[in-house]
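Morning, everyone. Let's walk through one structure together. Please have a look at it before I start.

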Amino acid sequence: MTLLVQITDTHITHRDGLLYGQVDTAENLRDTAQEINRIRPRPEALIVTGDLVETPDRESYEYFIELISAVQIPVCVLPGNHDDPALMTDVFSGTPYFPVTDDTCQYALELSDVRLLALNSHAGGSELPELGLRNLAWLEQELERSDKPTVIGLHHPPMMTGIEFIDMAGTDWFQELRRILGQHEQVQLVICGHCHTDMSGRIDQVHEYMAGSVAHQLIAARSVDIAPSFEVKPSPPVLHHFVNGQFVSGSYPWPINAEVNRIDRQSGIPWETLKLQMMGSKAP
Ligand SMILES: [Fe+2]
């Protein structure tokens, strides 16, 4: 049973800085790290799907590493448009968080029941996505290597979102990815971030799950030709649960009092009895 946790778009600023002068992204990540540590049973790994920092410099990445190191399960990260993959390779080299081996800045991670392939959709100096020929060749090679059920992580969503300024990226950039996925049925899920809102969709037969941001949420942005707004509120962690040969995905808050408030504890009814009652049995 693989439990994979995802958070995204942490946008860590310099120490003591506030994003847009009002969002304490470090505080949000501190709280989220503790929330992830409370989840039981413990997930196998946490993936942070890009925009780790607001401005890609050494100081911001070192602060990110300090904050994320509070997470007590294995952590991995991938680059977003706000990141610098080459600088990440350098700054993360003393950590297990970004285990890249070449300048594609991509890697594979073996979990118990599934493989995670982390892609790099960063296009230098642009908000827009790019999957270069070498990056796509790497993906194809990795998918040829193993038939194990696979989840692909990348920052940008390879789908149209209905959000006008996101869809400016068009669909050309993910056509080759689409072709590769069509030839490798073991890919069951694509996970991403970027839009600072949660959303599910598809790339042909493959499910996509986009997680909301730990920094702030985009609001009022779909199907309207107006400037979007945002709400200063972190999204809870997302859990991708590989159960019965399929992924089920959704937000997974784990507040401090989660154990206390479980209905079986609160009611004093033993869980086994409650389960029988829920299944329609009158048995004690
Ligand atoms: Fe972002």
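Is C105 buried or exposed? C105 counts as buried, because its relative accessibility is 6%, and the cut-off for buried is under 20%. Keep in mind that this is a predicted model.

Let's stay with the cysteines. How many disulfides does a search of the whole structure find? Zero. A quick reminder of the term. A disulfide is a covalent bond between the sulfur atoms of two cysteines. C105 is in no disulfide. The nearest cysteine sulfur to that of C105 belongs to C76, and it is 14 Å away. C195 is in no disulfide either. For C195, the nearest cysteine sulfur is that of C192, at 7.1 Å. A disulfide needs the two sulfur atoms within 2.5 Å. C195 is also buried, with a relative accessible area of 2%.

Next, the metal. Which residues are the protein donors of the iron ion? They are D9, H11, D51 and H196. The two aspartates give OD atoms, and the two histidines give NE2. These donors lie 2.1 to 2.3 Å from the iron ion. Now the geometry. The angles among the four donor atoms run from 88 to 178 degrees. The site is irregular. For comparison, here is the textbook value. Ideal angles are 109.5 degrees for four tetrahedral donors.

Now look at the spacing in sequence. The donor pattern reads D-x1-H-x39-D-x144-H. H11 sits in the loop between β1 and α1, and H196 in the loop between β7 (187–192) and β8 (199–203), so this pair ties together parts 185 residues apart in sequence. Both histidines are buried. H11 has 3% relative accessibility. H196 has 7%.

On to charges. How many salt bridges does the structure hold? Twelve. I'll show you three of them.

Start with K148 and E110. Their side chains meet in a salt bridge, 3.1 Å from N to O. K148 is in the loop between α4 (133–145) and β6 (150–153), and E110 is in strand β4 (residues 107–110), so the pair ties together parts 38 residues apart in sequence. K148 is partly exposed, at 22% relative accessible area.

Then R179 and E140. Here the side chains meet at 3.2 Å, N to O. R179 is in helix α6 (residues 175–182), and E140 is in helix α4. This pair links distant parts of the chain, 39 residues apart. R179 counts as partly exposed, at 32% relative accessibility. E140 is partly exposed as well, at 23%.

The next pair is E142 with R145. Their closest N and O atoms are 3.2 Å apart. Why are E142 and R145 separated by about one helical turn? Because they are three residues apart in helix α4. E142 counts as buried, at 8% relative accessibility. R145 counts as exposed, at 54%. Salt bridges that share partners join E110, R115, E142, R145 and K148 into one network.

Last stop, the surface. Which residues form a nonpolar patch there? Y20, F230 and V232. Together they have about 280 Å² of accessible area. Find Y20 in the loop between β1 (2–7) and α1 (25–38). Y20 is partly exposed, with a relative accessible area of 48%. H11, the iron donor, is in a loop between β1 and α1 too.

That's my tour. Over to you.

How values were computed. Residues are numbered from 1 along each chain as its sequence is written. This is a predicted model: local features need pLDDT of at least 70, side-chain atom pairs count only at pLDDT 80 or more; totals for chains, interfaces and linings use all residues. Side-chain values use heavy atoms; hydrogens and water are left out. Patches are made of residues with over 30% relative accessible area and no salt bridge: like charges are joined within 9 Å, nonpolar side chains (Val, Leu, Ile, Met, Phe, Trp, Tyr) within 5 Å. Accessible areas come from the Shrake-Rupley method with a 1.4 Å probe; for residues, only the protein chains shown count as cover. A salt bridge is a side-chain nitrogen of Lys or Arg within 4 Å of a carboxyl oxygen of Asp or Glu. Helices (H or I, at least four residues) and strands (E, at least two) are DSSP runs, numbered from the N terminus. Buried means under 20% relative accessible area, exposed over 50%, partly exposed in between (1.4 Å probe, protein chains only). Donors are N, O and S atoms within 2.8 Å of the metal (3.2 Å for Na, K and Ca); water is not among the atoms, so sites may look incomplete. Four donors count as tetrahedral if all angles lie between 85 and 135 degrees; four count as square planar and six as octahedral if opposite donors are over 155 degrees apart and all others between 65 and 115; anything else is irregular.
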